[in-house]
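Hi there,

Here is the structure I said I would pass on to you. Have a look at it first, and my notes follow underneath.

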Amino acid sequence: MEPLKEARNRVEGSSSSDKSNGRTSGGGRRSLTNCLIKPPVKKNTIPIDLKLRVVERAWFAHQVAEKRRLIKQYKMERERQQKLEEEEEIKRLRKELIPKAQLMPYFDRPFVPRRSEKQPTVPREPKFCIPRHKTIKCCRCHAMT
């Protein structure tokens, strides 16, 4: 921080003599103090009426609350309507459908399975050897053969 203070002091000392001549120090360069000082922030030119803003915000909040209430009411109404439709559908199905009992099997004629007309399968011996074209080929295998 000290070198910065020294630079400011030097610039302030030299700028007072240069300003009287109408020149800037450093041959047309801006002085260090001008670089370090930020320009003032531009003020908001639009006048703010806080009372009007409060009223508008309250109206907006009321509109949002009303919209949410309507959505919730619509959703509950839709669910209630769907439930009534399902109950009516169940009542209608119960009236239309006639329950029927399963037929009893005939016990006086017992089921006797018949012999199949197909030929029985012929058992085969399993193949435990691996065919030569499916073996893994490597250098040692070729050297042995």
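Glu-89 has a relative accessible area of 37%, so it counts as partly exposed. Please keep in mind as you read that this is a predicted model. The side chain of Glu-89 meets that of Arg-92 in a salt bridge, with an N to O distance of 2.5 Å. Both residues belong to helix H3, where they sit three residues apart, or about one turn of the helix. Arg-92 is partly exposed too, its relative accessible area being 36%.

Arg-92 has another partner. Glu-96 forms a salt bridge with Arg-92, and here the closest N and O atoms are 3.0 Å apart. Glu-96 and Arg-92 are both in helix H3 as well, four residues apart, which again comes to about one turn of the helix. Taken together, Glu-89, Arg-92 and Glu-96 are linked in a network of salt bridges.

Elsewhere in this helix there is a further pair to look at. Glu-77 and Arg-80 bring their side chains together in a salt bridge of 2.5 Å, N to O. How far apart are Glu-77 and Arg-80 in helix H3? They are three residues apart in the helix, which spans residues 50–96, so about one helical turn separates them. As for their surroundings, Glu-77 has 38% relative accessibility and therefore counts as partly exposed. Arg-80, at 43% relative accessibility, is likewise classed as partly exposed. In total, the structure holds four salt bridges, among them the Glu-77 to Arg-80 pair and the two that involve Arg-92.

Next, a word on charge at the surface. Which residues form a negative surface patch? They are Glu-85, Glu-86, Glu-87 and Glu-88. One of them, Glu-85, lies in helix H3. With a relative accessible area of 48%, Glu-85 falls in the partly exposed class, because exposed would require over 50%.

Finally, the overall picture. The chain contains four helices and zero strands, and its elements run α-α-α-α from the N terminus on. Of its 145 residues, 5% count as buried. The chain exposes about 16400 Å², and 59% of that area is supplied by carbon and sulfur atoms.

If you open the model, I would begin with the network of Glu-89, Arg-92 and Glu-96, then go on to the pair Glu-77 and Arg-80, and end with the negative patch that includes Glu-85.

Happy to talk it through whenever suits you.

Best wishes

Notes:
Residues numbered from 1 in each chain as written. Predicted model: local features only at pLDDT ≥ 70, side-chain atom pairs only at ≥ 80, totals over all residues. Heavy atoms only, no water. Helix = DSSP H or I, 4+ residues; strand = E, 2+ residues; numbered from the N terminus. Buried < 20%, exposed > 50% of the residue type's maximum accessible area, 1.4 Å probe, protein only. Patch = residues over 30% accessible without salt bridge, like charges linked within 9 Å, V, L, I, M, F, W, Y side chains within 5 Å. Areas by Shrake-Rupley, 256 points an atom, 1.4 Å probe, with all protein chains shown as cover. Lys, Arg positive; Asp, Glu negative; His and termini not counted. Charge placed at Lys NZ, Arg CZ, Asp CG, Glu CD.
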